[in-house]
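Reader: Could you walk me through this fold, one feature at a time? Tell me how you read each thing before you tell me what is there.

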Amino acid sequence: FRVVDAGDVADTVFWVGHPDRMVTGVRAAVAPLLAAGASVLALGGDHMVAYPLLAATAAVHGPLSLVHLDAHSDTWNMGADLNHGTMFRLAAEQGWVVPERSIQVGMRTPNPDDCGFRVVDADTLLDRPLADTVAEVAERVGDHAVYLSFDVDVLDPAYVPGTGTPVIGGPSPRQARQLLRGLAEAGLR
């Protein structure tokens with residue numbers, strides 16, 4: 001792989017309490033990279049950073065399939081309130097993500113409103129061969145452009161005790177690595 005560290009998005013410390021500034025700043029930082037044909041691997045920050053990353057990616061690639069690994073759905077209905085619990089619902093409402101082509105894996109906090117996303121809860125993930133989940137993801141997204149979102153709390157908190165919203169019963173790092181490798185081998189793009 002050819003990898004370039006494009007550095008941190010500037011002025012993030014000034015965005016605390018100002019999500020609108022964060023959304024604008026991240027989109028502005030990522031848009032030229034995507035326009036140049038690069039893929040973006042974003043690390044760190046509150047998971048809400050996925051919202052502007054999805055916006056910038058969809059602007060280049062069109063509506064996306066979302067593969068979301070997390071303990072929480074992040075699709076709560078709070079109107080237009082953008083936060084780390086609402087951003088995937090809002091991204092779907094914006095048309096950046098197509099729920100019928102998207103899947104959430106590892107969920108452990110029930111949300112009765114799945115917004116049309118396919119949900120594979122952690123028990124299902126862990127009670128069957130990981131290859132079955134990889135096949136289900138690949139079938140769901142087809143050959144559409146994919147945005148992969150990996151929230152560290154998808155892992156069991158025994159492995160990441162410092163996460164902000166721990167929920168027991170998640171996969172181990174080894175299982176997550178196997179899942180990610182399987183998705184790569186399945187040809188998600």
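Author: Sure, starting with pairing: two strands pair if DSSP finds at least two bridges between them. Helices (H or I, at least four residues) and strands (E, at least two) are DSSP runs, numbered from the N terminus. This is a predicted model, so local features need pLDDT of at least 70 and side-chain atom pairs count only at pLDDT 80 or more, while totals for chains, interfaces and linings use all residues. Residues are numbered from 1 along each chain as its sequence is written, and side-chain values use heavy atoms, with hydrogens and water left out.

Reader: Okay, what order do the four strands of the open sheet take?

Author: In general, strands of a sheet pair through backbone hydrogen bonds, either parallel or antiparallel. Here the pairing is parallel and the order is 3-2-1-4. Strand 3 (118-121) and strand 4 (146-150) are the edges, each pairing on one side only. On average, neighbouring strands are turned by 10 degrees against each other, direction ignored; axes for such angles are lines fitted to C-alpha atoms, for helices over the stretch in contact, and angles run from 0 to 180 degrees between N-to-C directions.

Reader: How many bridges join strand 1 to strand 4?

Author: Five, with strand 1 covering residues 65-69, and His 68 stands opposite Ser 149 of strand 4. Strand 1 has three bridges to strand 2, where Val 67 faces Ile 103. Strand 2 and strand 3 share four bridges, and there Gln 104 is opposite Val 119.

Reader: Why is strand 2 described as largely enclosed?

Author: Buried means under 20% relative accessible area, exposed over 50%, and partly exposed in between (1.4 Å probe, protein chains only). Five of the five residues of strand 2 are buried, so the rest of the structure largely encloses this strand.

Reader: Which unit do strand 1, helix 3 and strand 2 make?

Author: A crossover is right-handed if, with the strands pointing away from the viewer, the path from the first strand over the helix to the second runs clockwise. Strand 1, helix 3 and strand 2 form a right-handed β-α-β unit.

Reader: Arg 89 lies in helix 3; is Arg 89 buried or exposed?

Author: Arg 89 counts as buried because its relative accessibility is 8%. Contact means heavy atoms within 4.5 Å. Leaving aside neighbours within four places in sequence, Arg 89 is in contact with Asp 74, Thr 75, Trp 76, Asn 77, Asp 113 and Cys 115. A polar contact is a pair of N or O atoms within 3.5 Å; within protein, one must be able to donate a hydrogen and the other to accept it, and residues adjacent in sequence count only if both atoms are side-chain atoms. A polar side-chain atom of Arg 89 lies 3.0 Å from the backbone oxygen of Thr 75.

Reader: And which residues touch the most other members of the largest nonpolar core?

Author: A nonpolar core is a set of buried Ala, Val, Leu, Ile, Met, Phe, Trp, Tyr and Cys residues joined through side-chain atoms within 4.5 Å. The largest has 27 residues, and Tyr 51, Leu 54, Leu 82, Trp 96 and Tyr 147 touch the most other members. Helix 1 (19-35), helix 2 (50-61) and helix 3 are the elements giving two or more residues to this core, and helix 2 gives the most, with seven. A second, separate core of 17 residues includes Ile 103, Val 141, Val 154 and Ala 176.
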